[in-house]
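Reader: I have not looked at this one before. Can you walk me through it?

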Amino acid sequence: MRQAPSLLREFERIATLGVPERVSLSPEQAVPIGYFCPYVPEELLHAAGALPYRLLGDTINPTHASTHLPPNCCHLVKSSLERLLTGELDFLKGVIFSHTCDTMQGLSDIWAFQKRLPLHFDFLMPSNLASERARPYLRAEIERLKAFLEKHLQPIPEDRLGESIHLFNQIREKIRTLYRLRRRAPRSLTGVALAHILRAGFVMDRSLYLERLTELLRDLNDMEEARWDAVPIYLTGNMVHPPGLIATIEEAGALVVHDRLCSGARFLHLVTREDLDPLNALAERYFSSFLCPTKHSGPEAHVETLTKEVEETGARGVVFLLYKYCEPHFFDYPDLRKALEAKGIPTLLLEVDDPTTSHGQMKTRVQAFVEMLSSL
């Protein structure tokens with residue numbers, strides 16, 4: 001059995017490399033299909049014999065993409081299109097877009113026009129989840145995606161889809177345990193290490209990923225607890241666990257006790273019931289909790305969800321990590337900040353263009369925020 005440091009280095013290497021390796025793919029999961037958002041049901045892709053490959057944004061100077069996009073697009077959109085245009089994503093069999101923000105919908109059209117990948121699908125997630133029509137609409141969309149995958153990949157029998165749902169539920173439970181471990185014994189798993197683990201999980205064969213998570217938890221649970229005298233903070237926003245920014249936050253003397261980032265604990269809210277028809281279960285999970293501001297679940301859902309989680313984790317402050325130009329998240333930000341500060345919870349907004357190059361500029365602001373929290 002490998003020890004935790006070795007496993008952590010493996011996760012870091014895979015997360016940094018950012019492409020699926022043939023040696024880490026089982027034969028039945030060797031067809032990478034790209035996607036951007038948790039609203040795409042990964043379980044369907046997996047059951048169809050594909051490797052769900054999440055596009056997370058990279059450090060790339062968008063010299064090609066800038067000729068296709070207006071300047072007010074987020075880094076995820078710009079960097080992903082740049083990778084497509086330079087051929088770095090030619091290993092993908094196709095891509096699944098989900099109906100989220102206006103910019104992402106525009107990117108889907110631009111992406112399809114390039115004709116670089118064989119498969120392209122728009123998953124039209126309903127925007128108003130509070131509508132009585134949303135459930136049947138989403139169920140129909142999931143069936144449409146299933147039919148598309150079956151046409152181009154392989155049949156998805158109910159038992160195989162059930163197995164994929166079970167696999168992803170197991171992965172979520174392991175990640176939930178990692179979050180609990182972070183709060184109990186933070187020195188055994190840094191925030192940067194957790195970021196690498198999460199990012200690696202979006203490009204690895206998921207069965208192998210579950211094995212590695214199980215090994216890692218076994219090793220970490222054997223370690224002695226080492227307390228960390230740090231200021232507990234909560235991260236929220238649309239970013240996908242930028243290791244550099246998380247390192248800056250923890251180096252300032254803070255401990256990230258929980259998050260609501262697009263690549264982190266939001267994933268835990270997508271646990272799928274295994275006692276229902278699989279397609280109904282995949283649809284129903286999106287109505288069980290508020291995920292992000294691109295969907296409407298009620299006028300106070302975003303406020304209630306965030307404030308409850310912050311209070312439950314004991315965070316003394318909240319850092320908003322937001323890509324520049326992300327209208328849905330910035331529309332919600334004033335309400336969230338007001339609600340948190342009404343409860344005496346200070347906030348800090350970090351508006352980021354490229355998260356891999358911006359952390360130096362943020363260092364002073366983060367240090368001042370942590371020092372302020374320390375004095376409360």
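Author: What follows covers a sheet and then a pocket. Bear in mind that this is a predicted model.

Reader: Sheet to begin with. In what order do the four strands of the open sheet run?

Author: The order is S2-S1-S3-S4, and the pairing is parallel.

Reader: Which strands stand at the edges?

Author: Strand S2 (50-54) and strand S4 (119-123). Each has a single partner strand, so one side of each has no neighbour in the sheet.

Reader: And how are neighbouring strands turned against each other?

Author: By 25° on average, with direction ignored.

Reader: Over how many bridges do S1 and S3 pair?

Author: Three bridges, in the parallel sense, between S1 (residues 31-35) and S3 (residues 94-98). As an example, Gly-34 has Val-95 in S3 as its bridge partner.

Reader: What holds strands of a sheet together in pairs, generally?

Author: Strands pair through backbone hydrogen bonds, in either a parallel or an antiparallel way.

Reader: Okay, pockets. How much space lies in the largest pocket?

Author: About 570 Å³. The lining has 29 residues, and those closest to the centre are Thr-100, Cys-101, Thr-294, Cys-326 and Pro-328.

Reader: Which helices each supply at least two residues of that lining?

Author: Helix H3 (75-85), helix H4 (102-114) and helix H12 (327-342). H12 gives the largest share, four residues.

Reader: What about the lining by class: how many nonpolar, polar and charged?

Author: The lining of the largest pocket has 18 nonpolar residues, seven polar ones and four charged ones.

Methods: Residues numbered from 1 in each chain as written. Predicted model: local features only at pLDDT ≥ 70, side-chain atom pairs only at ≥ 80, totals over all residues. Heavy atoms only, no water. Pairing = 2+ DSSP bridges. Axes fitted to C-alpha atoms, helices over the stretch in contact; angles between N-to-C directions. 1 Å grid on protein atoms, 1.4 Å probe; cavity = no way out; pocket = protein on both sides within 12 Å on 5 of 7 lines; lining within 4 Å. Points joined across faces, edges and corners; volume = space filled by probe spheres on them. Nonpolar A, V, L, I, M, F, W, Y, C, P; charged D, E, K, R; others polar.
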